[in-house]
Amino acid sequence: MPVAPARKTGTWKMAYADFLTALMAFFLIMWLISGVSADDRAEIAATFHNKAAPTLTMTAVLPDSTASQLISTLQAQSDLANAGESVLLTREADGVRIDLVDSESRPLFDSGSGAFTAQGLALATAAGEALSPFSQTISIEGHTDAFSATSSAYSNWELSADRANEARRALIAAGLDASRIRAVTGLADTRPLDAGQPHLSANRRVSILVHTND
């Protein structure tokens with residue numbers, strides 16, 4: 001009597017495994033698509049249809065391009081580039097921050113005074129000349145260290161405000177359009193560069209924030 005062929009009972013398992021693999025791939029694609037913004041999807045679609053991407057995509061990258069151009073211009077300014085740690089450039093979410101920093105070897109201000117030294121005025125003038133070709137608005141902040149002022153009638157609040165206004169006058173004299181100045185603020189010792197060392201000389205500084213996202 002002929003023997004019946006053995007049944008291949010594992011075939012359905014292979015088909016089921018293939019189905020699960022395809023299902024997982026489908027959900028993975030859907031998850032990836034859900035994380036892509038509408039603008040990015042439009043750009044991808046335009047690529048496949050040989051069409052230009054929406055103008056909005058180009059507009060979105062302009063602030064970053066402006067920030068990069070601004071930093072390159074500041075770094076190319078010889079007086080700022082040669083100032084070493086007296087000039088700090090920081091890219092922030094809303095623009096580029098330029099810190100003109102006091103030090104023992106290169107004091108920006110006379111002790112307890114809002115007036116620039118010759119070195120401080122030279123740095124502020126160099127910053128103003130570098131910023132003058134741009135159109136973005138700026139904010140100016142004055143800062144002090146945590147040492148108390150010698151007079152109760154003239155606190156670190158007045159001192160930091162005087163330093164911010166000294167910087168404003170120097171920037172305008174260097175060619176910066178006064179209408180670009182959004183705010184001039186004295187912050188006393190409330191925002192030290194190094195929170196762990198509030199009396200550090202570097203905390204005596206002027207900050208110039210260029211709002212590249214305007």
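Which residues touch the most other members of the largest nonpolar core? In this predicted model, that role falls to Ile98, Leu100, Leu131, Ile138, Ile140 and Ile208, out of the 31 residues that the core contains. Several elements give two or more residues to it: the helices α3 (55–76), α5 (118–131) and α6 (156–173), together with the strands β2 (95–101), β3 (138–143) and β5 (205–210). Among these, α5 gives the most, with six residues. As general background, nonpolar side chains tend to be buried together in soluble globular proteins.

Ile140 offers a handy place to begin exploring. Leaving aside residues up to four places away in sequence, Ile140 touches Ala164, Ala167, Arg168, Leu171, Ile181, Ala183, Val184, Thr185, Val206 and Ser207. One of these, Val184, is also the bridge partner of Ile140 in β4. The pairing extends along the strands: β3 and β4 (residues 181–186) run parallel and are joined by five bridges. With α6, these two strands make a β-α-β unit, and this unit is right-handed.

A look at confidence helps in reading the model. The average pLDDT of the protein is 81, and 79% of the residues score at least 70. Residues 1–7 stay under a pLDDT of 50, and the model shows zero contacts for them beyond four places in sequence. Residues 50–63 also have a pLDDT below 50, but this stretch has eleven contacts in the model beyond near neighbours in sequence.

Key:
Residues are numbered from 1 along each chain as its sequence is written. This is a predicted model: local features need pLDDT of at least 70, side-chain atom pairs count only at pLDDT 80 or more; totals for chains, interfaces and linings use all residues. Side-chain values use heavy atoms; hydrogens and water are left out. A nonpolar core is a set of buried Ala, Val, Leu, Ile, Met, Phe, Trp, Tyr and Cys residues joined through side-chain atoms within 4.5 Å. Buried means under 20% relative accessible area, exposed over 50%, partly exposed in between (1.4 Å probe, protein chains only). Helices (H or I, at least four residues) and strands (E, at least two) are DSSP runs, numbered from the N terminus. Contact means heavy atoms within 4.5 Å. Two strands pair if DSSP finds at least two bridges between them. A crossover is right-handed if, with the strands pointing away from the viewer, the path from the first strand over the helix to the second runs clockwise. pLDDT is the predictor's confidence in each residue, from 0 to 100.
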